[in-house]
Amino acid sequence: MFEEAELERLVTAAQAGDPGSREHLLAKLRPVVLRRCSRFLPHHADAEEAAQDALLSISTHLGEYGGHGSFLGWVTVIASNAARSTYRSMRRRAEDSHADLPESVDPRTTSVIAGTRLDLMEALAALEQQHPALVESFVLRDLGDLTYVQVAEELGAPLGTVKDRIHQARRFMRERLVTGL
């Protein structure tokens, strides 16, 4: 997909202000970002919205990428945060419109994949509310497919701390997803 040298060249040129490199970089990142957002959001249009937000953020903040951790890890953080933000925004709009939100997913009207993703987003929201320090490590490792070392680099945290946070988050998520509480 990406050759490391080509990616590094594109990032450096885009950070230097080359608009062609920026556009090319964003075009190459778009499928990666959309796939990442699709792991969180059950409907393609919602994932597209989140991906657009993520790409805008990547473009806007490209100069802030300082080279610590991998560039794709940095992109994963932005895409994951954009997807979670889109979900929270959709949830708020639904609550503000006083729409009747189902207590649980109806299997007759919701695909298994969509229902699972909705359950995952609800569990992530609960994790974020009850244990905010655990969320980012968990998202990067288990949803972002980064290695433990990459997560530690991305977060600037010791490897042992990252592993412990992920372990605690997995335990919380497992309990939440199994019991539905």
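This passage describes an aromatic cluster, two charge-over-ring contacts and an annotated span in a predicted model. Residues are numbered from 1 along each chain as its sequence is written, and side-chain values use heavy atoms, without hydrogens or water. In this predicted model, local features need pLDDT of at least 70 and side-chain atom pairs pLDDT 80 or more, whereas totals for chains, interfaces and linings use all residues.

Rings of Phe, Tyr and Trp (six-membered ring) were paired if their centres lay within 6.5 Å, with planes under 30 degrees apart classed as stacked, over 60 as edge-to-face and the rest as tilted. Three aromatic pairs were found by this rule. Y65 and W74 form a tilted pair, with 5.4 Å from centre to centre and 50° between the planes. The pair of F71 and W74 is also tilted, because the planes stand at 35°, with the centres 5.6 Å apart. Ring pairs thus join Y65, F71 and W74 in a cluster. F71 and W74 are three residues apart in helix 4 (residues 71–96) and therefore separated by about one helical turn; helices are DSSP runs of H or I of at least four residues, numbered from the N terminus. Relative accessible area is 13% for Y65, 12% for W74 and 6% for F71, so each counts as buried (under 20%, 1.4 Å probe, protein chains only).

UniProt, in an unreviewed entry, places the feature "domain: RNA polymerase sigma factor 70 region 4 type" at residues 136–173; such annotations may be inferred rather than shown by experiment. The span is 82% helix and 0% strand, and its end C-alpha atoms lie 13 Å apart.

The charged end of R141 sits over the ring of Y148 at 4.7 Å from its centre, and that of K163 sits over the ring of Y148 at 5.7 Å (NZ of Lys or CZ of Arg within 6 Å of the ring centre and within 35 degrees of the ring normal).

Terms used: Helices (H or I, at least four residues) and strands (E, at least two) are DSSP runs, numbered from the N terminus. Buried means under 20% relative accessible area, exposed over 50%, partly exposed in between (1.4 Å probe, protein chains only).
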